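Reader: I'd like a close look at one buried spot in this protein, and then a walk outward to whatever else holds the fold together. Could you start with a single residue and take it from there?

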Amino acid sequence: MVPEPLTENIVSGTRGPRGFVIGTAGHIDHGKTALIRALTGVETDRLPEEVRRGITIDLGFVHTTRNRLAPDGVRVEGDVPVSFIDVPGHERFIRTMVAGAQGVDAILLAVAANEGMKPQTREHLSICDLLGIDRGIVVLTKSDAVETEELEKTRYRIRAELSGHPARTWPMIACSAHTGRGIDALRRALCELVTHVRPRPEDAPLRLPVDRVFSFKGFGTIATGTLVSGHLRVGDELETTFAGKTGRVRGIHVRGQSATLAVAGDRTAVNLPALAPELLERGDTLVRPGQVPPSRFVEVLVTHLPANRVAMPRLTRGLFHALTAQVNATVRLLGQDELAPGQTGAAVVELDSLLPLLPGDRFVLRGYRKLADHGTTTGGGEVVNVDARKPRGAAVSRAVWIQRFRQAEVGQKALMLLEDAPLTGRSVDELAARLACSPARLLERAAPLVNGGQVALIGTPPERMISNATLDRLATRLLTIVRRRQQSSPLESGMGRESLRASLGAAGRPLSEPVFDVSLKRLQGAGQIVEHQGLVRTTDFKPAAEERQRQLLERVHAEYARAGLQPPLQRELEVLLAEPGSELAQAIGTLVRQGQLTRVAMGLHFDTAVISLLEGKLRAFLDEHGAITPQQWKTVSGVSRKYRIPLAEHFDARRVTIRVGDLRRPWGKRASTPAQGHGGASRFPTKPGTN
């Protein structure tokens with residue numbers, strides 16, 4: 001693959017003005033490449049196979065300026081950099097065409113005057129429409145091959161076929177790359193077209209969809225693409241979405257010129273010497289590490305093209321094109337059983353591969369069979385929400401939510417996502433990425449919601465956001481958990497703070513400490529919750545422990561404290577204290593929750609103060625000797641293997657020690673040298689009964 005021009009000073013240089021990207025479109029052999037050559041003097045077909053077969057196979061790139069495009073003798077004010085992307089027209093290379101069309105500002109739609117609109121002309125035009133490309137020029141190529149009367153008939157037929165498309169208002173210029181006829185008129189139209197450069201989202205997360213990868217001697221891996229959002233500087237660290245590998249940018253080229261900065265809309269080449277070329281491919285996207293969470297499910301508005309002869313069913317498999325990637329996907333309509341040709345509806349798309357999509361991204365859907373006179377493109381549309389889940393429940397209401405979300409402004413979108421989020425809320429950085437904006441812009445747009453009490457900010461500076469409605473749900477759940485504990489354990493003075501936080505979590509992870517604190521303080525402020533010495537209870541709760549029950553707790557704790565490192569089992573305690581097993585079990589559980597007893601193994605509990613004392617002795621021994629052998633552990637603990645082995649496993653579980661062969665070492669130290677003072681290693685089992 002032939003690289004874009006690179007100079008020796010790739011690390012130096014500065015960025016010029018924002019450029020304009022123009023893509024070609026049209027049927028095979030309708031003169032797209034010849035048109036670019038006539039306008040710029042550059043041949044974009046450079047692969048040997050392209051030259052041999054006389055057709056475009058891969059993407060071609062040319063960089064020029066508005067002044068250079070102007071007709072001879074014409075000087076325009078306000079020069080603008082212009083890049084051309086030449087795409088293949090053969091139906092077999094639609095994937096390449098879609099990758100090239102992503103991120104362009106306008107298109108040159110080439111239609112041969114002697115053939116008119118053909119299947120790939122229609123398909124390319126549909127793709128451009130689905131990608132939101134609404135500016136361009138219709139070029140009647142090979143106009144020297146027909147008479148004037150036939151040319152006018154062709155012009156009329158094309159206008160009629162474009163009647164339902166934005167291209168109906170585009171300039172239509174007859175040209176001949178062979179004779180030069182109409183080229184100056186096309187140059188003037190192009191100069192007019194690039195007058196207004198459409199702004200791109202520079203404050204959104206950086207994404208550089210890769211359309212070419214190659215290795216350049218002396219530089220290493222080069223990846224090129226159109227920077228669709230964000231900005232990029234030399235020295236930035238980038239991550240590949242497919243392989244998950246990171247590399248630092250050593251150099252940047254913008255439109256073939258060395259630069260230190262690239263912004264959204266720029267044709268960009270980045271030098272990533274730390275990444276091997278095989279770690280990147282077309283369809284990959286370069287992002288900042290962790291900034292754009294890739295999506296498996298996305299909610300979209302999808303249009304079923306009028307070229308389809310049958311309706312889209314509720315469930316459809318196809319090829320999903322977005323950025324420069326093509327992945328298999330399942331489209332599930334929401335709120336309707338089918339989508340008629342020409343209709344638009346809400347849907348959720350399940351992607352077979354994760355993609356770093358953002359709201360507002362355009363996509364194309366292709367089927368596996370050709371449509372009559374059109375190709376395989378069946379539809380496409382706009383990504384609305386990338387924070388979606390597998391659809392379940394009321395599909396009609398979800399379809400309404402998607403429509404509302406698309407029309408909302410950033411602050412309102414944030415509120416909708418927060419209300420739809422789990423009880424933990426969202427981090428500011430993650431929420432900003434989900435909304436395709438910067439954290440600063442998100443906080444600015446959400447300020448009215450914060451002031452109005454609809455959203456709460458957590459942390460200084462703000463790190464998380466959570467909706468007031470979510471905090472209300474969390475408060476209700478917190479109260480329910482505390483009241484249930486009070487009903488089941490009336491002897492306790494309250495529920496342990498950490499136990500409560502763990503109960504409020506999900507997927508085995510406790511609720512985050514900042515969110516938990518906010519929730520607890522809201523309830524304390526409302527006079528519903530009291531926290532004292534790490535125990536949480538409702539204000540109306542009075543512990544039901546009678547004097548005898550209090551005495552039982554004291555007796556049980558005293559027995560464990562007296563026994564030290566050789567505590568009784570519960571059945572032994574029943575004999576010692578002459579109390580029913582059910583009451584003793586409840587008393588032991590209460591003492592564990594209060595932190596006075598520590599559970600080491602099933603049915604085996606120790607006084608917490610005794611355990612802490614033993615842990616101190618163990619740590620001191622490890623600090624002095626670096627490891628402990630089974631015999632040394634026996635000496636340090638002073639107890640039989642009935643207690644010694646469970647205690648050793650307890651300290652392993654608490655990450656005080658780690659077993660390395662026959663020894664135990666401080667957690668994190670895995671060296672295998674024997675402990676000082678121990679000439680031979682004996683087996684130190686981790687399961688009782690194996691020694």
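Author: Let's start with Thr221, which has a relative accessibility of 2% and so counts as buried, the cut-off being under 20%. Bear in mind that this is a predicted model. Thr221 sits in strand E9, which covers residues 220-226. Its contacts, leaving out residues up to four places away in sequence, fall into a few stretches of chain: Val213, Phe214 and Ser215 are among them, and so are Val270, Asn271, Leu272 and Pro273, along with Leu275, Ala276, Pro277 and Leu280. Take Pro273 from that list: Thr221 and Pro273 are 52 residues apart along the chain, yet their C-alpha atoms are separated by 5.4 Å.

Leu280 leads us on to Val210, since Val210 touches Leu280 too. You'll find Val210 in the loop between strand E7 (207-209) and strand E8 (212-216). Buried or exposed, this Val210? Buried, with a relative accessible area of 0%. Around Val210 are Ala223 and Thr224, then the run Glu281, Arg282, Gly283, Asp284, Thr285 and Leu286 next to Leu280, and finally Thr324. For a sense of scale, Val210 and Ala346 are 136 residues apart in sequence and 29 Å apart in space, C-alpha to C-alpha.

Now for the nonpolar cores. As a general point, nonpolar side chains in soluble globular proteins tend to be buried together. Here the largest nonpolar core has 34 residues, and Ile107, Val138 and Ile158 have the most contacts inside it. Both strands and helices feed it: strands E1 (20-26), E4 (106-112), E5 (136-141) and E6 (172-174), plus helices H4 (94-101), H5 (119-130) and H6 (148-161), each give two or more residues. If you zoom in on Val138, you'll see it touching Leu109, Val111, Ile158, Leu162 and Ala167, as well as Trp170, Pro171, Met172 and Ile173, again not counting residues up to four places away in sequence. Apart from this core lies another one, of 28 residues, with Phe297, Val348, Ala388 and Leu442 among them.

Charged pairs come next, and there are 31 salt bridges in the structure. One joins the side chains of Glu299 and Arg398, at 2.6 Å from N to O. Glu299 belongs to strand E18 (residues 295-304) and Arg398 to helix H8 (residues 395-407), so this pair ties together parts that are 99 residues apart in sequence. Both Glu299 and Arg398 are buried.

A second salt bridge pairs Glu382 with Arg362, at 3.7 Å from N to O. This one links strand E25 (residues 375-385), home of Glu382, with strand E24 (residues 362-371), home of Arg362, and the two residues are 20 residues apart. The partners differ in burial: Glu382, at 15% relative accessibility, counts as buried, whereas Arg362, at 27%, counts as partly exposed.

Further along the chain, Glu513 and Arg501 form a salt bridge, with their closest N and O atoms 3.1 Å apart. Glu513 is in helix H14 (residues 513-525) and Arg501 in helix H13 (residues 497-504), so the pair ties together parts that are twelve residues apart in sequence. Glu513 is partly exposed, with a relative accessible area of 27%, while Arg501 is buried, at 15%. The two belong to a network, built from salt bridges that share partners, which joins Arg497, Glu498, Arg501, Glu513, Asp517 and Glu531.

Helix H14 also packs against helix H12 (residues 468-488), with the axes coming within 10 Å and crossing at roughly 75°. H12 and H14 are therefore roughly perpendicular. On the H12 side of the contact you'll see Asn468, Leu471, Asp472, Leu474, Ala475, Leu478 and Leu479, and these meet Val515, Phe516, Val518, Ser519, Leu520, Arg522 and Leu523 in H14. Sorted by class, that contact has ten nonpolar, two polar and two charged residues.

One more helix pair is worth a look. Helix H1 (residues 32-40) packs with helix H7 (residues 183-193) at an angle of about 80°, their axes 11 Å apart. In H1, Leu35, Ala38 and Leu39 make the contact, meeting Ile183, Leu186, Arg187 and Leu190 in H7. The class count there is six nonpolar, no polar and one charged. Leu35 and Leu39 are buried, and the buried residues of H1 also include Lys32, Thr33, Ala34 and Ile36. Just after H1, Gly41 takes a positive phi of about 80°.

Key. Residues numbered from 1 in each chain as written. Predicted model: local features only at pLDDT ≥ 70, side-chain atom pairs only at ≥ 80, totals over all residues. Heavy atoms only, no water. Core = buried A, V, L, I, M, F, W, Y, C linked by side-chain atoms within 4.5 Å. Buried < 20%, exposed > 50% of the residue type's maximum accessible area, 1.4 Å probe, protein only. Helix = DSSP H or I, 4+ residues; strand = E, 2+ residues; numbered from the N terminus. Contact = heavy atoms within 4.5 Å. Salt bridge = Lys/Arg side-chain N within 4 Å of Asp/Glu carboxyl O. Axes fitted to C-alpha atoms, helices over the stretch in contact; angles between N-to-C directions. Nonpolar A, V, L, I, M, F, W, Y, C, P; charged D, E, K, R; others polar. Parallel < 35°, antiparallel > 145°, perpendicular 65-115°, else oblique.
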